[in-house]
Amino acid sequence: MIRKLEAFAEFTGRIIAWGTLLMVFVTFAVVVLRYAFNTGWIAMQESITYLHATVFMLGAAYTFKHDGHVRVDIFYQKFGVKGRAWVNLLGTVLLLYPLMIFILWISWEYVTESWKVVEGSREAGGLPGVFLLKTLLLLMPVAMMLQGLVTILRSLHVLTGRNYG
C-alpha cells in the first residue's frame with residue numbers, strides 16, 4: 001500500500017511539475033503579446049493563475065513526500081530514527097490531519113456552490129472553469145492526507161521494527 005500511494009504521489013508530482021514550465025511559456029507569451037504586439041487575452045492571463053494554483057495545490061503532496069516543506073527542526077535533526085518516527089507520526093495525526101479535515105470541511109460548500117452554477121470567470125473573455133479551479137481546495141487536502149497516510153504507515157513500521165520495503 002505504501003509503495004502504491006508513494007508511486008501515485010510521485011507520478012502526480014512529476015506531471016504537475018511540467019505545469020511550471022508551461023506557466024513560464026504562457027507568461028512569456030503574455031509579455032511578448034502585450035509589449036511587442038500591443039494585444040492580449042484575458043483567458044491567457046487567467047491561465048497563469050490556474051496553472052500557479054494547480055502547481056502549488058496539487059504539488060503539496062509531492063513536496064511532502066520528498067520532505068520539502070518547511071520544518072522547524074531544532075530537535076528533530078538530533079533525534080534518532082525512532083524519535084523522528086514519533087515526531088512524524090504525531091505531527092501527521094495531530095497537525096496535518098486536523099488541518100486537512102478543516103480545509104475540506106470549510107471548502108466543501110464553497111466548491112459545491114461553484115459546481116452547481118458551473119461558475120466561470122467574471123471577466124469578459126475569461127476562462128469558464130472557475131469551478132474546476134475551486135475544486136483544488138478539495139483535491140489538495142485529499143492528496144495531503146493520502147501522503148500523510150504513507151507517513152503514518154512508515155512511522156508505525158519504524159516504531160514496530162517492521163521493514164516496509
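# Exercises on a predicted helical model

At 46% relative accessibility, Phe 8 counts as partly exposed. The model used in these exercises is a predicted one.

**Exercise 1.** Place Phe 8 in its secondary structure element, justify its exposure class, and relate its position to that of Met 140.

*Solution.* Begin with the element: Phe 8 belongs to helix α1. Next, take the relative accessibility of Phe 8, which is 46%; because the partly exposed class covers values between 20% and 50%, Phe 8 is assigned to that class. Finally, compare sequence with space: Phe 8 and Met 140 are separated by 132 residues along the sequence, while their C-alpha atoms lie 14 Å apart.

**Exercise 2.** Determine which residues other than glycine have a positive phi in the loop between α1 and α2 and in the loop between α3 and α4, naming one for each loop.

*Solution.* The general expectation comes first: most residues other than glycine have a negative phi. In the loop that joins α1 (2-37) to α2 (42-65) one finds Asn 38, whose phi is positive, near 50 degrees. The side of the question that concerns solvent is settled by its relative accessibility of 72%, so Asn 38 counts as exposed. In the loop between α3 (81-116) and α4 (130-160) the residue to name is Val 118, with a positive phi near 45 degrees. For contrast, a glycine can be added, since Gly 161, just after α4, takes a positive phi of about 80 degrees.

**Exercise 3.** Describe how α3 and α4 are arranged relative to each other, giving the distance, the angle and the handedness of their crossing.

*Solution.* The axes of the two helices, α3 and α4, come within 8 Å and cross at roughly 160 degrees. Because angles over 145 degrees count as roughly antiparallel, α3 is roughly antiparallel to α4. The crossing of α3 and α4 is left-handed. In composition, the residues of the contact of α3 with α4 comprise 30 nonpolar, eight polar and two charged ones. A pair of residues may then be located: Glu 113 lies in helix α3 and, at 38% relative accessibility, is partly exposed. Between Glu 113 and Phe 131 there are 8.6 Å from C-alpha to C-alpha, although the two are 18 residues apart in sequence.

**Exercise 4.** Check the length of α4 against its expected span, and then say where α4 bends.

*Solution.* With 31 residues at 1.5 Å a residue, α4 should span 45 Å, and the 46 Å between its end C-alpha atoms agrees with this. The helix nevertheless has a bend of about 30 degrees, located at Leu 138, and a proline, Pro 141, follows within four residues. Within helix α4 one also finds Val 150, which is buried because its relative accessible area is 1%. The C-alpha atoms of Val 150 and Leu 136 are separated by 21 Å, the two residues being 14 apart along the chain.

**Exercise 5.** Repeat the length check for α2, locate its bend, and decide whether the residue at the bend is buried or exposed.

*Solution.* The 24 residues of α2 reach 35 Å from first C-alpha to last, which is close to the 34 Å expected at 1.5 Å a residue. The bend of α2, about 45 degrees, is at Gly 59. Gly 59 is one of the buried residues of α2, a list that also includes Glu 46, Tyr 50, Met 57 and Lys 65.

Technical notes
Residues are numbered from 1 along each chain as its sequence is written. This is a predicted model: local features need pLDDT of at least 70, side-chain atom pairs count only at pLDDT 80 or more; totals for chains, interfaces and linings use all residues. Side-chain values use heavy atoms; hydrogens and water are left out. Buried means under 20% relative accessible area, exposed over 50%, partly exposed in between (1.4 Å probe, protein chains only). Axes are lines fitted to C-alpha atoms, for helices over the stretch in contact, and angles run from 0 to 180 degrees between N-to-C directions. Angles under 35 degrees count as roughly parallel, over 145 as roughly antiparallel, 65 to 115 as roughly perpendicular and the rest as oblique. A crossing is left-handed if the near helix is turned anticlockwise from the far one by less than a right angle, and right-handed if clockwise. Ala, Val, Leu, Ile, Met, Phe, Trp, Tyr, Cys and Pro count as nonpolar, Asp, Glu, Lys and Arg as charged, and the others, Gly among them, as polar. The expected span of a helix is 1.5 Å times one less than its number of residues. The bend at a residue is the angle between axes fitted to the seven residues ending there and the seven starting there.
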